[in-house]
Amino acid sequence: MKEESIAAVREWLRQQELDACLITQPHNRSYLSGWLEDEAEAAWLLVAQEQCLLITTTLYREVAEKEAVGCQVLVPERHDYAEAVAAQARQHGWKRLGFEAEALSYSAYARLCRNTEGYCALQPLEATIVGRLRQVKSAQELERLRKAVAITDETFAHLRTWLRPGLTEREVQWEIIRTMIALGADGPAFAPIVAAGPHGSMPHARASERPIEAGELITIDMGARYQGYCADMTRTVCLGEPREERMRTLYEAVLEAMRTCEQGLRAGLSGRQADSLARDVLARYGLAEYYIHSTGHGVGLEIHEGPMLSQRAPEDALLPAGAVVTVEPGVYLPGWSGLRIEDSVLVLEDGAEVLTRSPLDLIIPQ
Ligand code: ZN
Ligand code: ZN
């Protein structure tokens, strides 16, 4: 259990006039309890002024007791989490119980309602304080993130010497996963994207059996996970000389967008301002309509978390110092190809530190 974060949650509960809050989003639960487990149904975490309870099953009891230090582990009979929460509410006289609206199934909600009916009101929460706490990384979290980034860089260094025409996208994908694990990663943070030639116009293309060719654009989006923490990086490469001159000019434009954003990034910018740093560069090159996604997102226990570098971010959502975010401009021309470049970056009071070190050369000489 993270003492400081639990204390912050308790203070927030007081402000919200809640007696307790149920945490069912698995990464929020991992963050607060210290037990890294992604399985949604593995446990519910219940935080109140005096209690920090991890309600789980016999399957997880031992690991939960070992890793969720400071939490009381409770294994209810018949594994009925809702009944266990209701029993706690009765025992402690709780009148208002918050829950994460986006992380509780309707059936679990219905069970909770039945069990607490008449004495404890359920309060759906669109956002809790946990999401905001998670944005600012502690020294230990940063250490793990840096290691995840370093493994990702090392994996890419290997790829640069190993890649050759004729390998299929799936063979490259497998080599990425194999290398990350060999280098000490928990595994990949997400299924690596290897999108060559025409597949490059789809930002989240699935790796196929198509062999990659010399002279085409190959977008590789990958990240290692290390002790729960996710790195995220994209490089676009070309084996030998690019087939078309516009591959080079588009690459230069996207690279300029990324660097401009990284140089302008600092704490206190809004998510929209940060997004605009990259978007304005691509607009100047007449590429605005081909830039079809946001500029970046936070990384941590999840591959996509707050804060967002996006025009859709709330206007008052400012980047905090200590957040680790991606900067990932790209252009996608349907039917032709596309490319993206992405770094992981630490936001500082007066600037930003680029954590990703992988080279940014488009061409891998053959
Ligand atoms: Zn990525
Ligand atoms: Zn990303």
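In the description that follows, Ala, Val, Leu, Ile, Met, Phe, Trp, Tyr, Cys and Pro count as nonpolar, Asp, Glu, Lys and Arg as charged, and the others, Gly among them, as polar. On this basis, the lining of the largest pocket holds 10 nonpolar, eight polar and seven charged residues. The structure is a predicted model.

The largest pocket has a volume of about 760 Å³. It is lined by 25 residues, of which Glu126, Ala127, Gly131, Arg132 and Gly306 are the closest to its centre. Two elements, helix H6 (129-135) and strand E14 (305-309), give two or more residues to this lining. Both domains take part in the lining of the largest pocket, since at least three residues come from each of domain 1 (3-133) and domain 2 (136-364).

For the second largest pocket, the volume is about 410 Å³. The residues closest to its centre are His204, His293, His297, His304 and Glu328, out of 22 that line it. By class, the lining of the second largest pocket consists of seven nonpolar, eight polar and seven charged residues. Two of the residues closest to the centre of this pocket, His297 and Glu328, also appear among the donors of a zinc ion, ligand 2.

The zinc ion (ligand 2) is coordinated at 2.1 Å by Asp232 (OD), His297 (NE2), Glu328 (OE) and Glu342 (OE). Along the chain, these donors follow the spacing D-x64-H-x30-E-x13-E. The angles among the four donor atoms run from 78 to 149°, and the site of the zinc ion (ligand 2) is irregular. Four donors count as tetrahedral if all angles lie between 85 and 135 degrees, and both ends of the range for ligand 2, 78 and 149°, fall outside those limits. A distance of 3.2 Å separates the zinc ion (ligand 2) from the zinc ion (ligand 1), and aspartate 232 coordinates both. Distant parts of the chain are linked by aspartate 232, in the loop between strand E11 (229-230) and strand E12 (233-239), and histidine 297, in strand E13 (residues 296-298); the two residues are 65 residues apart. Aspartate 232 has a relative accessible area of 4% and is therefore buried, the cut-off being under 20%. Histidine 297 is likewise buried, at 4% relative accessibility.

The protein donors of the zinc ion (ligand 1) lie 2.0 to 2.6 Å from the metal and are Asp221 (OD), Asp221 (OD), Asp232 (OD) and Glu342 (OE). Asp221 thus appears twice in the list of donors. With angles of 56 to 149° among the four donor atoms, the site of the zinc ion (ligand 1) is irregular. The donor residues of this ion are spaced D-x10-D-x109-E in sequence. Aspartate 221 belongs to strand E9 (residues 217-222), while glutamate 342 is in the loop between strand E17 (337-340) and strand E18 (343-348), so this pair ties together parts that are 121 residues apart in sequence. Aspartate 221 is buried, with a relative accessible area of 5%. Glutamate 342, a donor to the zinc ion (ligand 1) and to the zinc ion (ligand 2), is buried at 0% relative accessibility.

Away from the metal donors, valine 325 was also examined. Valine 325 is placed in strand E15 (residues 324-327) and is buried, with a relative accessible area of 0%. Valine 325 and isoleucine 363 are 38 residues apart along the chain, and their C-alpha atoms are separated by 26 Å.

Note on methods:
Residues are numbered from 1 along each chain as its sequence is written. Chains are lettered from A and ligands numbered from 1 in the order in which they are written. This is a predicted model: local features need pLDDT of at least 70, side-chain atom pairs count only at pLDDT 80 or more; totals for chains, interfaces and linings use all residues. Side-chain values use heavy atoms; hydrogens and water are left out. Donors are N, O and S atoms within 2.8 Å of the metal (3.2 Å for Na, K and Ca); water is not among the atoms, so sites may look incomplete. Four donors count as tetrahedral if all angles lie between 85 and 135 degrees; four count as square planar and six as octahedral if opposite donors are over 155 degrees apart and all others between 65 and 115; anything else is irregular. Helices (H or I, at least four residues) and strands (E, at least two) are DSSP runs, numbered from the N terminus. Buried means under 20% relative accessible area, exposed over 50%, partly exposed in between (1.4 Å probe, protein chains only). On a 1 Å grid over the protein atoms alone, a cavity is a set of points where a 1.4 Å probe fits but cannot get out, and a pocket is an open set with protein on both sides within 12 Å along at least five of seven lines; lining residues have an atom within 4 Å of a point. Grid points are joined across faces, edges and corners, and a volume is the space filled by probe spheres set on the points. Domain bounds come from an automatic or database domain assignment.
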